[in-house]
Amino acid sequence: MIRNVVLLIFLCSIFKSGHPLDNGLALTPPMGWLTWERFRCTTDCKKFPNDCISENLIKRTADLMVSEGYLDAGYEYLGIDDCWLEKKRGSDNRLVPDKERFPNGMKAIADYIHGKGLKFGMYQDYGNLTCAGYPGVLGNEELDIQTLVEWEIDYLKLDGCYIDPLAMDEGYPNFGKMLNATGRPILYSCSWPAYQEPNKILPNYNSIAEHCNLWRNWDDIEDSWASLKGIIDWFGDNQERFADHAGPGHWNDPDMLLIGNFGLSYEQARVQMAVWAILAAPLLISADLNTIRPEFKEILLNKEIIAVNQDKLGKQGTRVWKKSGRGVRSGLEIWQRPLRDGSVAVAFVSSRVDGVPYAANFTYYDMQIPELEYEVQDLYKEDSVKSWNYDQDFEIRINPTGVKFYKFIPVHKSQPSKEDAPADLTVQMIVNNEVKNL
């Protein structure tokens, strides 16, 4: 009977969904590139010509996104984060791009990006200033939206510095409605809960999911394993409050990918890619594509893992098992995500730093997957495809601060006994009813 309870819970969780923002965008988690994590607010182009936030950086990145296969892999948005503005508005009160770093203006940038088959993303702040001290939108919302539409942007990240977090419950929805009213499809990225959660204000995730395509939940990610692991832990510890609000058109956002920068080892970079795929998180690269090392590029372009992230069922995965303290399995955790074809993506993550790979055994119940026979594929392609049945222990050997990431593909369904038939029939009715609506 236990196996049918697990299966019933598993299938019910798949078909819970919310109401997407009605702009037809982000039906799968957005993928692209942003300036912030790698290039921050570097504005001195004389001292740092290759790193400054400028027209040259954006054009160079657009070229590389196409020539190096990122666009083909699904990374379609190219976004400029903070520090693109002049410090003061123009005489007509409009936003003005920095005249030295963007001499041809933002419409020319948009034309270049669109000419490459990419989509153009920009940054603003709901307050009167951006986080770096440039002009924000507060008090000029309609004019700024008109300006951004004239520049033909496709993605707007609206930050939340210099504004009362309590005002966001009304402000972010109103701004989104004004964006939609323009008729231009603009993906709307909110920072709404990221400013409420740290201030112990309980975010209204029903409203957030209704009005935003994606939203930052927690702290800014920094280029380190400590920061990455802290965000992973926070998502696991708080998932019950917001995981079910993710789905086609609206996504939780744990922040940018650090992969290819300075702070993560190869193993740790693989952890981020795997967990972000499980979380159905936006995949937003923030690295220098001109100098990225091949092993990190390979992680970012892993087609099988991208396919998990982009799975059309749109169900965010969760942490289903964690062991702290002492013992063979201490420092390990399991993240799991159901996929549209009935498969399950399972990531075994290690926070151990002992310096030696650890072997551990797990059961189907630890992984919270249905009691079936599976074909198991290693999504990082280290292990060969193997068969595995639910009544066996599943053994892994995982590197320190590393991950083993698998796709469990059902071979056939187990036959129910007579005493278990009612539960299985209930499950089947759920499946039949929900599949019709997919």
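**Figure 1. Tyr126 and Tyr172 are both buried (under 20% relative accessible area, with exposed meaning over 50% and partly exposed in between, for a 1.4 Å probe and protein chains only).** The model is predicted, so local features need pLDDT of at least 70 and side-chain atom pairs count only at pLDDT 80 or more, while totals for chains, interfaces and linings use all residues. Residues are numbered from 1 along each chain as its sequence is written, and side-chain values use heavy atoms, leaving out hydrogens and water. In the whole structure, 26 aromatic pairs are found (rings of Phe, Tyr and Trp, the last by its six-membered ring, with centres within 6.5 Å; planes under 30 degrees apart are stacked, over 60 edge-to-face, the rest tilted). The pair of Tyr126 and Tyr172 is tilted, because the ring planes meet at 45°, with the centres 5.5 Å apart. Tyr126 belongs to the loop between strand S3 (119–125) and helix H6 (141–150), and Tyr172 to helix H7 (residues 168–181), so this pair ties together parts 46 residues apart in sequence. Helices (H or I, at least four residues) and strands (E, at least two) are DSSP runs, numbered from the N terminus.

**Figure 2. Phe348 and Tyr406 form an edge-to-face aromatic pair.** The two ring centres are 6.1 Å apart, with 70° between the planes. Distant parts of the chain are linked by this pair, since Phe348 is in strand S11 (residues 344–350) and Tyr406 is in strand S16 (residues 403–412), 58 residues apart. Phe348 and Tyr406 are both buried. Together with Trp321, Phe362, Tyr374, Trp388, Phe394 and Phe408, these two residues belong to a cluster linked by ring pairs.

**Figure 3. The side chains of Lys59 and Lys87 are shown with the rings of Tyr112 and Tyr134.** The charged end of Lys59 is placed over the ring of Tyr112, at 5.1 Å from its centre (a charge sits over a ring if NZ of Lys or CZ of Arg is within 6 Å of the ring centre and within 35 degrees of the ring normal). Lys87 lies over the face of Tyr134, and its distance from the ring centre is 3.9 Å.

**Figure 4. Helix H11 (residues 266–278) is largely enclosed by the rest of the structure, because 12 of its 13 residues are buried.** The buried residues of H11 include the charged-name pair Glu267 and Arg270, as well as Gln268, Ala269, Val271 and Gln272. Also buried in H11 are Met273, Ala274, Val275, Trp276, Ala277 and Ile278. For the 13 residues of H11 the span should be 18 Å (1.5 Å times one less than the number of residues). The end C-alpha atoms of H11 are 19 Å apart, which agrees with that value. After H11 comes Ala280, which has a positive phi near 50°.

**Figure 5. Arg40 and Asp255 have positive phi values although neither is a glycine.** For Arg40, phi is about 45°. Arg40 is located in the loop between helix H2 (36–39) and helix H3 (55–67). Arg40 counts as partly exposed because its relative accessibility is 28%. For Asp255, phi is about 100°. Asp255 is located in the loop that runs between strand S7 (251–253) and H11. With a relative accessible area of 3%, Asp255 is buried.
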